[in-house]
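Reader: Got the model open. Can we start with the ligand site?
Author: Sure, here it is.
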Amino acid sequence: MSTDHGPGWTLNDWPFLEPEHHALAERVKAFNARPGQDYPDLASECRAIARDLGDAGLLDYAVPPADRPVMDVRSICVIREGLSYHHILADAVFGMQGIGTGPIQLFGTEGQKAKYLAPCREGRHVAAFALTEPDSGSDVAAMTTSARADGNGFVIEGEKVWISNAGFADHYVVVARTGEAPGSRGLSAFIVDADTPGLKIGPAIDIMAPHPAANVTFDACRVPGDALVGPPGQGFKVAMAIFDVFRGSVGAAATGVARRALDETVRRVGQRRLFGDRMGKLQGVQMTLADMAADTDVAALVTYRAAWTKDTKGGRGSYEASLAKLVATEAVGRVVDNAVQLFGALGVTQGSVIEKLYREARPMRIYEGASEVQKLVIARDLMGRLDG
Ligand SMILES: Cc1cc2nc3c(=O)[nH]c(=O)nc-3n(C[C@H](O)[C@H](O)[C@H](O)COP(=O)(O)OP(=O)(O)OC[C@H]3O[C@@H](n4cnc5c(N)ncnc54)[C@H](O)[C@@H]3O)c2cc1C
C-alpha cells in the first residue's frame with residue numbers, strides 16, 4: 001500500500017507545544033511526502049516503514065538515544081498525529097517500536113539496552129509487546145502464561161493473542177506469571193528473541209484496519225536469566241509504565257484520523273451540489289461539520305494536555321493519559337461516523353478514503369485498554385483523591 005497524501009496535515013499552534021515540536025512536525029510532513037511503494041504483504045511493508053522511520057530519525061522519539069534518555073510524550077504525539085493523518089500503518093509501526101522497547105528503556109539493564117535499543121531505533125529490528133491472552137485482555141491479573149525458574153533461566157508456557165508485529169518482530173517483551181504474589185503482583189516481564197526455540201507464531205489475524213497481528217504460543221520456551229526486564233514480580237508495573245507513556249498518544253493517532261476525516265468532509269461538502277447549491281450551505285450539514293470540528297479539537301486538546309502534563313509535571317500521569325485515550329478515541333468514532341454520513345454511498349464504498357478512516361478509527365477504542373478500562377483508571381484516581 002502506498003503512502004496516502006490527501007489534503008495535507010498541519011499541526012495546530014497549541015500552547016502545550018514548543019518551537020521544537022513545530023520543527024518536528026515539518027519533519028513528519030517531509031516523511032509523509034516520500035514516494036509511495038507497493039509491498040507484497042503487511043509484514044514487508046511494516047519492515048520497510050520501520051527502516052524509513054529510522055532513516056528519517058523519527059524513531060529517535062520512540063526509542064531515544066542514550067544522550068536523550070527521556071521519552072518526550074509531546075514529540076511522540078506530534079509524530080503519531082502526523083503519521084496517522086496520512087498512513088495509519090506508519091503510526092502503528094512507530095507506536096509499536098516504542099511499546100516493544102519501552103520496558104527495556106525504562107527498566108532494562110545496560111546489557112539489554114546495548115543489545116536491543118539501537119537496532120530498533122534505526123528501524124533495522126522490529127519490536128513487539130505481548131500481554132493479552134485468550135482469557136486475559138482487560139483483566140490483566142487473570143493472566144495464565146507462566147515463566148518457571150529453571151536452572152539459570154526461565155521456561156515460558158502459554159499463549160498470547162492479537163500481538164502486533166507477531167511473525168516478523170525480532171524480539172517480544174512478554175509478561176508472564178512468575179507467582180511472587182497473587183494476581184497482578186505475581187507477574188514479570190521478559191525479552192524473548194524471535195528465534196528462541198518454542199516460540200511459535202499463529203496465522204495472521206485480519207483486523208479491519210491495516211494492522212499486522214497474530215497469536216504467539218510459548219511451548220517450553222527457555223530464556224536465559226538475563227532476559228528478565230525489571231525486578232521479578234514487577235511485570236504489571238512495567239506494563240503500566242509503558243501505557244502511561246503510550247496510551248495518551250493513541251489520542252494523537254485518533255486526532256490525526258479525525259483531522260483527516262474533517263478536512264476531507266469540508267472539501268466534499270464544499271464541492272458536492274445538493275438541492276441546487278453547495279451541500280455545505282445546508283444548515284443541517286453545517287451542524288454536523290461543527291460537531292466534527294468540536295470533537296476533533298477536544299481530542300487534540302485532551303491529548304496534548306496529557307502529553308504536556310507527563311513531560312513537564314513528572315509523575316505517572318495515568319489520569320490524564322487515560323482521559324486522553326478515552327475522550328479522543330470516542331471522539332474520532334463520532335467524527336468518522338459523521339463523515340461517512342455526509343459522504344453518502346461514497347462513504348461506505350470500499351477503498352474510499354472515508355471508508356478507510358472509518359475502519360482505522362474503530363480498533364482505537366479497544367487496544368491499549370478499552371474505553372471502559374480507561375474509565376476505571378480515571379474513576380479510581382478520583383476516588384483516590386477522596387481518600388486523601
Ligand atoms: C489492533 C489491535 C492490536 C493489538 N495489539 C496488541 C499487542 O501488540 N499486544 C497485546 O498484548 N495485545 C494487543 N491487543 C489486544 C488488546 O490489548 C485487547 O484487545 C484489549 O486489552 C481488550 O481485551 P479483549 O479484546 O480480550 O477484550 P475483553 O477483555 O474480553 O473485553 C471485552 C469488552 O468488555 C468491555 N469491558 C472491559 N472491561 C470492562 C469493565 N470493567 N466493565 C465493563 N465493561 C468492560 C470493553 O468494552 C471491552 O472491549 C491488540 C488489539 C487490537 C484490536
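Author: In this predicted model, strand E3 gives the largest share of the shell around the ligand, three residues. Strands (E, at least two residues) and helices (H or I, at least four) are DSSP runs, numbered from the N terminus.

Reader: How many residues surround the ligand, and which are closest?
Author: The count is 18. The closest are Phe129, Leu131, Thr132, Ser138 and Glu372. A residue counts as near if one of its heavy atoms lies within 4 Å.

Reader: What's the class split of that shell?
Author: Eleven nonpolar, five polar and two charged residues. Gly counts as polar here.

Reader: Polar contacts next. Which residue has a side-chain N or O atom 2.8 Å from a ligand oxygen?
Author: Glu372. A polar contact is a pair of N or O atoms within 3.5 Å.

Reader: How much of the ligand does the protein bury?
Author: 66% of the 980 Å² that the ligand exposes when taken alone. Areas are Shrake-Rupley, with a 1.4 Å probe.

Reader: And which elements give two or more residues to the shell?
Author: Strand E1 (127-130), strand E3 (153-164) and helix H10 (371-386).

Reader: Back to contacts. What about the backbone?
Author: A polar backbone atom of Leu131 is 2.7 Å from a ligand oxygen. For Trp162, a polar backbone atom is 3.0 Å from a ligand nitrogen.

Reader: Zooming out. How many helices and strands does the chain have?
Author: Ten helices and ten strands. The radius of gyration, over C-alpha atoms, is 21 Å, close to the 21 Å from the globule rule for 388 residues, so the chain is as compact as a globular protein of that length. That rule is 2.2 Å times the number of residues to the power 0.38.

Reader: Any caveats?
Author: Local features need pLDDT of at least 70, and side-chain atom pairs count only at pLDDT 80 or more, while totals for chains, interfaces and linings use all residues. Residues are numbered from 1 along each chain as its sequence is written, and side-chain values use heavy atoms, leaving out hydrogens and water.

Key
A polar contact is a pair of N or O atoms within 3.5 Å; within protein, one must be able to donate a hydrogen and the other to accept it, and residues adjacent in sequence count only if both atoms are side-chain atoms.
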